[in-house]
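Here are my notes for your first look at this one. Have the structure open beside you as you go through the points.

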Amino acid sequence: MLTARTPTADDDRVLAALAADLPARRWFPVKGAPAELTLHAVLPLTDPADRDAADVRVLLVRARAGSIDALLQVPVVVLPDGSAGEAAQAQLGDGRVVVDGAAHPAFLRAWFAVADGPGGAPAAVDLTTATAITGEQSNSSVVLGAPGRPGRGILKVLRALQAGENPDIDVPRHLVAEGYRGVPAPLAWLEARWPDPAGAQDVHGYLGVVSAFVEGAHDGFELACELAVREEPFDALAHRLGVVTAQMHTALTHAFPTVADADGPQRLANAVLDRFAWALAAVPALERYRAGVERTADEVRGLTATPPRQRVHGDLHLGQVLHVDDDWLVLDFEGEPLAPLEARTRPDLAVRDVAGLLRSFDYAAAVGGLTGEAADRWTTSARAALLAGYAEAAAASSGPGTDPDTDTRPNPDPRSDDPTADPGQAALLTRALELDKTLYEAVYESRNRPAWLPIPLAGLDRLVG
Ligand SMILES: Nc1ncnc2c1ncn2[C@@H]1O[C@H](COP(=O)(O)OP(=O)(O)O)[C@@H](O)[C@H]1O
Ligand SMILES: O=P(O)(O)O[C@H]1O[C@H](CO)[C@@H](O[C@H]2O[C@H](CO)[C@@H](O)[C@H](O)[C@H]2O)[C@H](O)[C@H]1O
């Protein structure tokens with residue numbers, strides 16, 4: 001466990017040198033508006049026992065703008081000028097340069113020296129090759145080890161730090177402990193203690209995790225977009241994804257408690273209205289959907305009940321699943337990065353994850369260039385396939401180790417103890433959670449990728465326009 005220290009004048013200097021560059025990073029949570037950056041604390045990672053060790057530090061930078069107040073992890077390596085080549089991120093003007101730490105060998109060696117877990121020090125992971133992923137990510141991932149060689153891992157440097165449990169590490173650890181094989185196994189993780197920006201106490205949380213690297217995997221979103229570009233159906237893949245999602249939900253009910261919720265319909269209706277108010281504050285153009293959102297919330301209040309709440313993925317979309325060997329693996333149990341941790345670890349409705357995947361089909365169709373009827377055709381059949389796969393596997397899960405894609409026995413009633421077994425109620429529940437997710441996406445896109453805001457807006461037109 002690392003412990004933070006108070007920043008020195010030299011740390012301030014490093015941040016000052018980086019200040020212009022940080023807001024341009026994909027993971028920086030404030031886009032299109034100036035953010036106030038302050039150096040909150042520093043986690044020293046330089047090995048004090050090694051006189052030749054490189055100067056490795058993790059800056060904990062507080063970024064504030066409007067309603068956003070995030071504590072960001074910025075790992076850096078400070079090197080003599082001329083030794084960093086093209087990788088230098090900023091000059092300190094005193095013969096030293098600052099280099100982004102995330103994929104730097106000195107940072108990785110120091111990281112593994114203090115990490116915990118079955119792949120921690122001495123590292124079972126090959127640190128001689130490190131390649132940063134350049135993707136649409138809220139965090140920064142670095143692939144460790146060379147292709148086709150043993151000891152490959154993927155380090156995820158969590159960018160917006162949260163105190164307490166980290167579902168992205170805890171959930172896969174629990175699932176693997178349960179014998180579930182649908183997630184990459186966590187190999188090493190790093191925890192730290194830092195002063196709470198909002199209080200006098202120190203808090204503790206995770207800085208990152210290394211998971212087993214899945215060789216030859218295809219990102220689900222890229223795969224779906226490629227098919228959409230060629231107007232080829234995603235249906236078979238969507239069906240299997242529905243199966244895998246239902247199996248993940250079953251495994252989660254074994255690993256974590258479930259909670260019956262007598263006030264489920266009220267709670268969900270209020271949550272949709274709260275989500276709308278939150279989204280409206282960030283994207284005033286959403287006002288035109290008010291009547292439709294309120295109508296949906298009223299319909300939800302009329303549900304007889306909602307299914308028991310359980311641990312869920314929380315932000316399931318095609319970018320969180322990997323296709324490998326004709327199957328899907330699920331990643332990134334962090335939940336919605338814009339939500340507080342407490343909300344992300346609460347038991348929730350499993351159908352939230354199904355709704356997340358359904359939304360993703362709209363994104364894949366749009367990014368793949370499909371419009372009008374072609375987009376409708378592509379998404380409608382993918383949606384039907386996903387829902388069918390999910391329902392079949394939910395039914396099959398009542399028998400041990402069953403898989404609907406290989407099991408030939410007749411299915412028992414999928415939701416015999418589920419109050420939303422009525423198809424109309426189930427469809428309303430899915431629609432309400434899709435609406436909730438689409439409102440979230442409108443905020444996410446307006447903050448991160450304004451050019452993509454039309455995608456959730458088109459979704460809102462369809463759901464409540
Ligand atoms: N274990 C893994 N094996 C192979 N690739 C992975 C693995 N974990 C993540 N990736 C790749 O890294 C990308 C980002 O990972 P993810 O955990 O979703 O990060 P973020 O929370 O920042 O979105 C994924 O879309 C996937 O392409
Ligand atoms: O960074 P995370 O993967 O944890 O999730 C956030 O970023 C996602 C974008 O990368 C965002 O997902 C939205 O865009 C996806 C395509 O890039 C699309 O497949 C999803 O359906 C859509 O919600 C996600 O919402 C956000 O939390």
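**Notes on the fold, the domains and the ligand**

1. Start with overall size. This is a predicted model, and its chain has 465 residues, for which a compact globule would have a radius of gyration near 23 Å; the chain has 23 Å, so the two agree. Laid along its principal axes, the C-alpha trace spans about 70 × 50 × 45 Å.

2. How far should you trust it? Mean pLDDT for the chain is 91, with 93% of the residues at 70 or more. One stretch to watch is 407-416, where pLDDT drops below 50, although the model still gives this stretch 14 contacts beyond near neighbours in sequence. As a rule, coordinates predicted with low pLDDT should not be read in detail. The scores for the model are ipTM 0.95 and pTM 0.83.

3. Next, what the chain is built from. You'll find 12 helices and 14 strands in it. Buried residues account for 45% of the 465. If you take the contacts between residues at least 6 apart in sequence, 68% of them link residues at least 24 apart.

4. Now the division into domains. Domain 1 covers 2-212 and domain 2 covers 218-464. Their centres, taken over C-alpha atoms, are 31 Å apart.

5. How many residues of each domain are in contact with the other? On the domain 1 side there are 19, and they meet 23 residues of domain 2. The domain 1 side of this contact is mixed in class: eight nonpolar residues, six polar and five charged.

6. Then go to ligand 1. Which residues come nearest to it? They are Gln137, Asn139, Pro184, Val214 and Asp332, out of 21 residues around the ligand. By class, the shell is made up of nine nonpolar residues, eight polar and four charged.

7. Where does that shell come from? Both domains contribute: domain 1 (2-212) and domain 2 (218-464) each provide at least three of the residues around ligand 1. Among the strands, look at E9 (153-157) and E11 (202-212), since each of them supplies at least two shell residues.

8. If you only have a minute, I'd look at two places. One is ligand 1, with shell residues drawn from domain 1 and domain 2. The other is 407-416, where the pLDDT is below 50.

Terms used. Residues numbered from 1 in each chain as written. Chains lettered and ligands numbered in written order. Predicted model: local features only at pLDDT ≥ 70, side-chain atom pairs only at ≥ 80, totals over all residues. pLDDT = per-residue confidence, 0-100. Contact = placed C-beta atoms within 7 Å. Near = placed C-beta within 6 Å. Helix = DSSP H or I, 4+ residues; strand = E, 2+ residues; numbered from the N terminus. Nonpolar A, V, L, I, M, F, W, Y, C, P; charged D, E, K, R; others polar. Domains from an automatic or database assignment. Rg over C-alpha atoms; globule rule 2.2 N^0.38 Å. Buried ≥ 20, exposed ≤ 12 C-beta atoms within 10 Å, placed from the backbone.
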